[in-house]
Amino acid sequence: MDSTAIDRFDTSRFEASRNRLASLAYRLLGSAGDAEDAVQDAFLHWQAADRQRIKVPEAWLTKVVTNLCLDRLRSAQVRRERTAGAWLPEPLLDGDPMLGPADTFEQRESVSLAVLTVMERLSPVERAVYILREAFSYGHAEIAAILDITESASQQHLHRARRHITTARRGSGELDPASARRIVEEFLAAASSGRTERLVALLTDDATAISDGAGLTKKLLQYDTPERVAAIARAGFKSTPAKQRLAGGVSEVHFALVNGAPALLFVPGGKVVGAVTFDVADGKIATVRGIAAPARLLRLADAWRRHEPDAPLITEW
């Protein structure tokens, strides 16, 4: 086999792992753009390596991507960005290959916006151990080899990560899509009609709302009582000429599943310009996230353009 054929063969071996590596990087970083960069950097490492000596490419690539992501999480710039109160996970439309694997509850939960947010409280190594174990089913011996730690340390990191995530977990399990849609439709109807009492009734007693202010504010906007959440929802869902100008026109409002959770998407002219996602606990809304910073919606908006949506819940917002 000549060198060109070998390069093509080795490239195809990398491409066979690309979606899995991107899914790993997304879970570690919470950003699709950063995940794509990490995978591309791994490809450069792959090209530069003595590939004939790599016995198990999947394991080698997993180690490279994991450690590239850990380097980024530990960087001073990223720590400043994430501790400044302006970070939210990047939402992805259900069906995006970057969300896989999704066969088990633990795998689906590990990519939810709720868990991606909680994982910000973990150390980078705790985060990596949790994801490698819960989302990709690696054994502690394999994780120890990937992270250059002992098996005992891997077990301890997993225990601490699980404790954090279990403490933050809300509700009794997954919500079926029909129930999710019903709750979100009720929320939308109450918010758009200004029915404050009905809005409060749909929220848990400790409901919170978070907004990135469409990227126009340096810090996230946060609201921490049902009454404040209801008030901001009423204001946010009221259509005005100023909001239409900011959105780029009159929007349709669509129901969608984003990172496995119910969401409302604001879509003027076929382009997603805003997403409101909902965490539901025991039949009520526990967390509302408003995401409209363009950089956070690039991949979701691209996926939506290739998507066949249901009829909009609101045709002119």
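**Group meeting: a walk through the predicted model**

Let me begin with charge: the protein carries 41 positive and 41 negative side chains, and the centres of these two sets lie 5 Å apart. Please keep in mind throughout that what you see above is a predicted model.

Turning to the overall build, the protein contains 14 helices and six strands, and its C-alpha trace spans about 65 × 45 × 35 Å along the principal axes. For a chain of 317 residues, a compact globule would have a radius of gyration near 20 Å, and because the protein comes out at 21 Å, the value agrees with that expectation. Of the contacts with a separation of 6 or more, 65% are made between residues that stand 24 or more positions apart. As for the surface, about 15,500 Å² is exposed, with carbon and sulfur atoms supplying 52% of that area, while 46% of the 317 residues count as buried.

That brings me to the interior. In soluble globular proteins, nonpolar side chains tend to be buried together. Here the largest nonpolar core has 48 residues, and those with the most contacts inside it are Phe14, Tyr26, Met119, Ile131 and Leu147. The elements that contribute two or more residues to this core are α1 (3-29), α2 (32-48), α3 (57-74), α6 (113-118), α7 (124-134), α8 (140-147) and α9 (151-168), and the largest share, eight residues, is given by α1. Another core lies apart from this one, with 27 residues that include Ala209, Phe237, Phe266 and Ile314.

To see one of these core residues in its surroundings, take Met119, which, if we set aside residues up to four places away in sequence, touches Arg27, Ser110, Arg127, Tyr130, Ile131 and Ile165.

Helix α7 also holds Arg133, and this is a residue I would like to look at with you in some detail. Is Arg133 buried or exposed? Neither label fits, because its relative accessibility is 31%, and Arg133 therefore counts as partly exposed, the limits being under 20% for buried and over 50% for exposed. Leaving out neighbours within four places in sequence, Arg133 is in contact with Tyr138, Gly139, His140, Ile143, Leu158 and Arg162. For a sense of distance, Ala191 is 58 residues away from Arg133 in sequence, and the two C-alpha atoms are 40 Å apart in space.

Finally, a few points about the backbone. Most residues other than glycine have a negative phi, and most peptide bonds are trans. Which two residues, then, are joined by a cis peptide bond? They are Gly100 and Pro101, with omega at about -5°, and Pro101 is found in the loop between α4 (76-83) and α5 (105-109).

Positive phi values deserve a look as well. Ser137, which is not a glycine, has a phi near 60°; it sits in the loop between α7 and α8, and it counts as exposed because its relative accessibility is 53%. Asp282, likewise not a glycine, has a positive phi of about 50°. Asp282 is placed in the loop between β5 (274-281) and β6 (284-291), and with a relative accessibility of 61% it too counts as exposed.

If you go back to the structure after this talk, I would suggest beginning with the 48-residue core and then turning to the cis bond between Gly100 and Pro101.

How values were computed
Residues numbered from 1 in each chain as written. Predicted model: local features only at pLDDT ≥ 70, side-chain atom pairs only at ≥ 80, totals over all residues. Heavy atoms only, no water. Helix = DSSP H or I, 4+ residues; strand = E, 2+ residues; numbered from the N terminus. Rg over C-alpha atoms; globule rule 2.2 N^0.38 Å. Buried < 20%, exposed > 50% of the residue type's maximum accessible area, 1.4 Å probe, protein only. Contact = heavy atoms within 4.5 Å. Areas by Shrake-Rupley, 256 points an atom, 1.4 Å probe, with all protein chains shown as cover. Lys, Arg positive; Asp, Glu negative; His and termini not counted. Charge placed at Lys NZ, Arg CZ, Asp CG, Glu CD. Core = buried A, V, L, I, M, F, W, Y, C linked by side-chain atoms within 4.5 Å.
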